[in-house]
Amino acid sequence: DVQYSDIDYMERNLDFTLSPKFAGLPALINKIKAEGMRFIIILDPAISVNETDYPAFLRGLDNDVFIKRPDSNEILYNKVWPFLPNVEIDESLPHEQIVERFGAHCAFPDFFRNSTAEWWKNEILEVYNNTNTSQSLKFDGLWIDMNEPACFINGAMGGCKNNLLNNPPYMPNLAYRSEGLTYKAPCMEARQHLADGTPVRHYDVHNLYGWSQTKITLEALQAATKERGIVISRSTYPSSGRWAGHWLGDNTAIWDHLHKSIIGTCQEKGLHSWDRQIMGWLGLGLSQAVQPSFSNSFLFQRQDPAFWNSTFHDISRNVLNIRYTLLPYLYTLLHDAHAHGSTVVRPLLHEFVEDRVTWDIDEQFLWGPALLISPVLKQNNRSVNAYFPNARWYDYHTDTDTGFRRQFQNLSAPLEHINLHIRGGHILPWQRPANTTAYSRKNPLGLTVALDDALFAEGHLYWDDGVRIGTA
C-alpha cells in the first residue's frame, strides 16, 4: 500500500534534493498513486554546509534557523549523513572512517524558532510543488529520522566547552556512560531559542528536539498535499502522538528484535512502524503482519516476500489478507487513539490489570480490547504457550469458543498460522480484502459478533474518506 524511500533518493543524502540515479522517481510516484497506493519519503534534520549552491542551507542561513555555539554565535557543526561534494567515497572502509573522511559539516535546525518552522515548511513545499515536474515529488507522508538529534561525531566539530553540562555528576547506567551526554549528540551548551525568543541550552530541550520538529512537519505535509497525510518520527515525547506516529528505529530481521519490538510497541501505546522487521524468516513475518505498520527493507533481496517460492507467496498472501480484513477495526482503534488518547496495541495487563499473571507477559499483545495475538518468537518453534485471561475467547479462524480461561495453553503454530483470538463481549468490524486499501474500501463491510457469558456484545466503527483534514 505504501512505498517508503530512505535517503538513497537524495543527492549525496542532502535533504530536499533528488539524485540523478533516481531521475525516474517522480514518474514512479505518480504511477503508484494512480493505482491507489501511497508514497512516503524520509527527511533528516541535519543540513550540509559544504555546498556552493544548496538553496536549503542558504535560505536557512538567511533566516538564522540553525543551533549556535553560545560563546561565539557561530553555527554548531557536526557530521551526519550528507557527503562532501566532488569526492569518490571508498565504501569498503568502516562507517566511522567514511564519515570522518567524506562526511560534510552539518548544521542542526532549531525547530523551536518561528523562523525555522517557516523555513522548514517552505523547503518541503518546494519539493512537492517544484515547477520542474521532473524534480517534483508528490509524496503522501513524511518519515523524519535522526531527530534525537543524532550525529556521528560526539558533541561537535572542534569539541564542546562546558564539561559540567556534557559530563554531569550523574549519568544513567548505559553502555556509553563513559562518553557523557554528547555520545552521538550535540554539545549540551549549544544555544536554541523558544518561539518567544527566550534563549535555552540544548541540555534543557534535548529530549524535545523530535517533538519540536513533528508538529511543523505535519503542518507542512498538509499544506502541500491538502490531505490528512501521515508523519512518522523516530524521536518522540509525550503528546507527540497528536501529530505523528512513532517508529522504533533500525530493528533488524532477527528473532530477538521481534520480541523487543512487541515491548517497544506496547510501551509507546500508539501507531508505530516496525521498520526492517522483514518477512525473511517466516514466523517473524507472520507475527509482524498483525502490527499496525509493517514494512520491508531495501537492504536485502532475500528479505522480500517476492524472493521466496510459491508456497511462501501463498502463506504471505493469506496472512496479509487477514491484516487487510481487519483494517476497519484497526482504523477505528487509531481514530479512538487520536480522539480520546486510548491505545491501539496494548499489553494484556491494560485490559486485565487485576490478573497479576498478565503483568509479566510481553510475548503476547492485544489490538484494542478485543483481539488477542500470540506470535511465535523463537526460531523453529511450531507451538506457542499462550495465556488466556478471564474472558470468553473465540478462535478467529474457526469462530469456535475455545473454553480457555485464566490459563496457559500450548497452541499449535505451523508456519502458515497466526494464533488470533477474539474476546467475548466485543464486535469486530471487517471488510473483504483487495490488493490495496483503495480497493478494499469499496468492498462490503461485515461484523463478527463475539458474545460474552451474558450473551452480550458491543462495538463501534469509525469510517470516513480517509483523506480529508478535520473529519476526525
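Here are some questions and answers about this predicted model.

Q: How many helices and strands does the protein have?
A: Let's start with the overall picture. Of the 472 residues in the protein, 50% count as buried. As for secondary structure, the protein contains 13 helices and 20 strands.

Q: What share of the contacts in the protein with a separation of 6 or more comes from residues 24 or more positions apart?
A: Contact here means heavy atoms within 4.5 Å. Among contacts with a separation of 6 or more, the part due to residues 24 or more positions apart is 65%.

Q: Are α2 and α4 roughly parallel or antiparallel to each other?
A: The axes of α2 (residues 55–62) and α4 (residues 114–128) come within 10 Å and cross at roughly 155°. Angles over 145 degrees count as roughly antiparallel. The two helices, α2 and α4, are therefore roughly antiparallel.

Q: Which residues of α4 meet α2?
A: On the α2 side, the residues involved are Pro 55, Ala 56, Arg 59 and Gly 60. The residues of this contact divide into three nonpolar, one polar and three charged. From α4, the partners are Trp 119, Glu 123 and Glu 126.

Q: Which elements do the buried residues of α4 pack against?
A: Happily, there is a good list to work with: the buried residues of α4 are Thr 116, Ala 117, Trp 119, Trp 120, Lys 121, Glu 123, Ile 124, Val 127 and Tyr 128. They pack against β2 (38–43), β3 (47–48), α2, β6 (141–144) and α7.

Q: How far apart are the end C-alpha atoms of α7?
A: Helix α7 covers residues 209–225, which is 17 residues. At 1.5 Å a residue, α7 should span 24 Å. The value in the model agrees with this, the end C-alpha atoms being 25 Å apart.

Q: How many of the residues of α7 are buried, and which residue follows the helix?
A: Helix α7 is mostly covered, with 13 of its 17 residues buried. Just after α7 comes a residue whose phi is positive, near 65°, and that residue is Lys 226.

Q: Is Tyr 237 buried or partly exposed?
A: Tyr 237 sits in the loop between β9 (230–233) and β10 (245–247). A residue is buried under 20% relative accessible area and exposed over 50%. Tyr 237 has a relative accessible area of 40%, so this residue is partly exposed.

Q: Which residues is Tyr 237 in contact with, leaving aside its neighbours within four places in sequence?
A: The C-alpha atoms of Tyr 237 and Ser 212 are separated by 9.4 Å, although the two residues are 25 apart along the chain. Beyond its neighbours within four places in sequence, Tyr 237 is in contact with Asn 207, Leu 208 and Trp 211.

Key. Residues are numbered from 1 along each chain as its sequence is written. This is a predicted model: local features need pLDDT of at least 70, side-chain atom pairs count only at pLDDT 80 or more; totals for chains, interfaces and linings use all residues. Side-chain values use heavy atoms; hydrogens and water are left out. Axes are lines fitted to C-alpha atoms, for helices over the stretch in contact, and angles run from 0 to 180 degrees between N-to-C directions. Helices (H or I, at least four residues) and strands (E, at least two) are DSSP runs, numbered from the N terminus. Angles under 35 degrees count as roughly parallel, over 145 as roughly antiparallel, 65 to 115 as roughly perpendicular and the rest as oblique. Ala, Val, Leu, Ile, Met, Phe, Trp, Tyr, Cys and Pro count as nonpolar, Asp, Glu, Lys and Arg as charged, and the others, Gly among them, as polar. The expected span of a helix is 1.5 Å times one less than its number of residues. Buried means under 20% relative accessible area, exposed over 50%, partly exposed in between (1.4 Å probe, protein chains only).
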